[in-house]
Amino acid sequence: MKRLSLFIVIIALSFTFVYNQNLLSIAAGVAIFLFGMKNLEEGFRFFVGGLLDKFLKKITDSLYKSILFGTVITTLMQSSGLAAVIAISFISAGLISVAQGIGIILGGNIGTTTGAWLIAGLGLKISIATYALPMLVFGMLFIFQESKRLKGIGYALAGLGFSFLGIAYMKEGFDAFKATIDLTQYAADGYTGILLFAIIGAVMTIVMQSSHASLVLILTALSASQITYENAIALTIGANIGTTITAILGALGAGDEGKKLATAHFLINTLTGLILIGFVPHFIHFIDHTAPFFGIAEQDYTLKLALYHTYFNLFCVLLFAPLVHHLVSLLNYFFQPKITAENAIDDVLYISDVALDFPDTAQATLLKETKHLYNNVVDIIAQGLSVTKEDITSGMEIEDILKRRDQALHVNMDAYYERRIKEIYGKIITFAIVAQGKFSDVTTQQFIPIKNATIGIVEAFKAAKHMQKNMLRYLESDNEYIKNEYNHIRKTLIKHLRTIQMIFNTSEEDVAILLLSKLQLDAQNYDIAANKSLDNLIRTNKITYTMATSLMNDTSYAYTIASELSKVAHTLFVHATSESTEGREALILNEAEISDLTHASSPRSTS
Amino acid sequence: MSGLKFIQKMQELFGLSPESAESTKKKAVKELVKKLKLRHILLKQELKNETDLIKREALHDSIQIIKKQVKKGKEIVDD
């Protein structure tokens, strides 16, 4: 169906181009302009690796700062679409809230008005094609450079050059058009005309996926007197509604948070459009009164349209900025998170295509999803120890937990793996590999330890699975000695999981650093003590050879669980923030330093 | 204000000053050592009041770790 539509469009356009050369010029202008916009976006993406991410995180901590950020970024990039994509990507990764994302979108609406002023004020008044050609030459020169920054500048320059060239073609096309056909004969008056042209404006923008391209087209047509001023205003309203398609398409691959933002963008622009459609004649009157204050001549309809576009978007921001939190509540009501039933297949919560747009969002997503997997694995490891995850997170004394859970808990760990681990594990590894391939070497270094942590989590699960068989057998054994040893394994691992939980929950860096080192010390102490105890039990014939072999293996499995999960806690803590990663890493004691402490401390009892 | 100074001022304002990785690390370590020293005092106080043998042993371990971490941190900062 899609291919058929494309075929029909190609045939229709080809026929039109043969019939009318001026239309070809206009269409080629639009195509060159869109190509220029794509290049401009591409150019800015080269800078996104570090600068934009840091900027975004620092200055979007309040709604008004988010609006300011959206305004500045859209003004610089001349693309509200990219601002929307950035917002969706950062929201999906949980780096900013939906309210802050809406702020960026609102700011983007203001930023997009600068484009209209530039085109109406400069683009249509001077011969910008003269500037386009050197821009293209220098742009291409930079694109061939190895430095990423220079490449970015090259793409941005070439993008601007193509955009200027596109505008010149459109202008030329409309000017020539004027000599043959007068399009104003199709103008429609009154509210029917406003509605009709608003729909045309929306459709036009949906097809081109760029409100900038629509605005250029409207402004050039208006400057060539091919459309009436009133119809141009209606087309602008439509373009503002149609522009939400970029966010909607961007959110298709995103999670609920991204969808909330796209819905907000659609609601904000559509409601503003619907309200202002009713007031077009009043606004025309208002512009006639206020235009002289900005030095706009009475007959300069292109600048008057740019002024209308600014009023429209300012009205939109003034109307919705105070309502953002209510809007978020409404969206939360409609997009409620799905609760995964205990026996249902669990899937990824954060990984989505949009998270791969920027390195920071990819890393944040990877961290969050790894934590999700960790929670599932801890759930099953706890059950493998015949306790529950809630026991671990409770404040109950470990001795009391063991007394309460003195019966073996028979749980199918393989089935659990299939339901709640396998899918997420596979997707995390795939995501990490794709991200590693997509971003620069420096950024890739951040993905490797997180990917390894994920592998470590599954290793811990496997060790718990191997241990479960004997655990079930010996927790119900008549031999008190072996039962005590397995209870000791349970006690050690519960303590270990609790400490990791504390590391995840604490907001104090020094506590986390201390606990991470303590985890290692406890694991080493346990290993030494367990071996001593085992020697003692064998020497005194308290357990059989079979029991001894099982205990020896399971002590090793318990050590694997403890050390793998310690590494996971270490990675997730160190990489949780990009700012003090090295400082945090430096103060966590390594294995050799912990060994010094273990040797210095006195031997302890095993019970 | 010269152009360069203005750029530096803006970078500082947005926390984007191009510090070297080494100085950023030292700054973070210094900050953490300060926090760890305070934690050390708190744990020592706790140890004085603790009567439970196992808890005392755990506190003792923590104090030993902090001592080593502070020493390590000082070495990094002084380096």
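# A walk through chains A and B

Of the 79 residues in chain B, 16% count as buried; a residue is buried if 20 or more other C-beta atoms lie within 10 Å of its own, exposed if 12 or fewer, and partly exposed in between, with C-beta atoms placed from the backbone. Before going on, keep in mind that this is a predicted model, where local features need pLDDT of at least 70, side-chain atom pairs count only at pLDDT 80 or more, and totals for chains, interfaces and linings use all residues. Residues are numbered from 1 along each chain as its sequence is written, while chains are lettered from A and ligands numbered from 1 in the order in which they are written.

Let's stay with chain B for a moment. Chain B has three helices and zero strands, where helices (H or I, at least four residues) and strands (E, at least two) are DSSP runs, numbered from the N terminus. Read from the N terminus on, the elements of chain B go α-α-α. Its mean pLDDT is 80, and 73% of the residues of chain B reach 70 or more; pLDDT is the predictor's confidence in each residue, from 0 to 100. Among the elements of chain B, helix 1 (residues 3-13) has the lowest mean pLDDT, 59, and helix 3 (residues 53-78) has the highest, 89. If you look at contacts in chain B with a separation of 6 or more, 56% of them are between residues 24 or more positions apart; two residues are in contact if their C-beta atoms, placed from the backbone, lie within 7 Å. The model scores ipTM 0.78 and pTM 0.74.

Now for chain A. There are 26 helices and zero strands in chain A. Its radius of gyration is 32 Å, well over the 25 Å that the globule rule gives for 607 residues, so chain A is more spread out than a compact globule. (That radius is taken over C-alpha atoms, and the globule rule is 2.2 Å times the number of residues to the power 0.38.) Taken along the principal axes, the C-alpha atoms of chain A fill a box of roughly 110 × 50 × 50 Å. Buried residues make up 47% of the 607 residues in chain A. For contacts in chain A with a separation of 6 or more, residues 24 or more positions apart account for 80%.

How is chain A divided? The split is into domain 1 (20-334) and domain 2 (353-600), with bounds that come from an automatic or database domain assignment. The centres of domain 1 and domain 2 of chain A, taken over C-alpha atoms, are 51 Å apart. Where the two domains of chain A touch, 15 residues of domain 1 are in contact with 13 residues of domain 2. On the domain 1 side, helix 2 (21-59) and helix 4 (80-92) of chain A each supply at least two residues, and helix 4 of chain A gives the most, with five. The residues of that side of domain 1 divide into seven nonpolar, seven polar and one charged. Here Ala, Val, Leu, Ile, Met, Phe, Trp, Tyr, Cys and Pro count as nonpolar, Asp, Glu, Lys and Arg as charged, and the others, Gly among them, as polar.

Moving inside domain 1, find Ala116(A) in helix 5 (residues 98-123) of chain A. Ala116(A) is buried, with 28 other C-beta atoms within 10 Å. Leaving aside neighbours within four places in sequence, Ala116(A) is in contact with Leu215(A), Leu219(A), Ala306(A) and His309(A).

Over to helix 23 (residues 509-539) of chain A, which holds Leu521(A). Leu521(A) is buried too, with 20 other C-beta atoms within 10 Å. Which residues does Leu521(A) touch, not counting residues up to four places away in sequence? They are Ile594(A), Leu597(A) and Thr598(A), plus Asp61(B) and Ile65(B) from chain B. The C-alpha atoms of Leu521(A) and Glu593(A), 72 residues apart along the chain, are separated by 9.5 Å.

Further along comes helix 24 (residues 545-574) of chain A, whose 30 residues should span 44 Å at 1.5 Å a residue; the end C-alpha atoms are 43 Å apart, which agrees. The expected span is 1.5 Å times one less than the number of residues. In helix 24 of chain A, 21 of the 30 residues are buried, so this helix is largely enclosed by the rest of the structure.

Finally, a look at two loops. Most residues other than glycine have a negative phi. Asn541(A), in the loop between helix 23 and helix 24 of chain A, has a positive phi near 55 degrees. Asn541(A) is exposed, with 7 other C-beta atoms within 10 Å. Ser225(A) has a positive phi of about 55 degrees although it is not a glycine, and sits in the loop between helix 9 (211-223) and helix 10 (229-242) of chain A. With 14 C-beta neighbours inside 10 Å, Ser225(A) counts as partly exposed.
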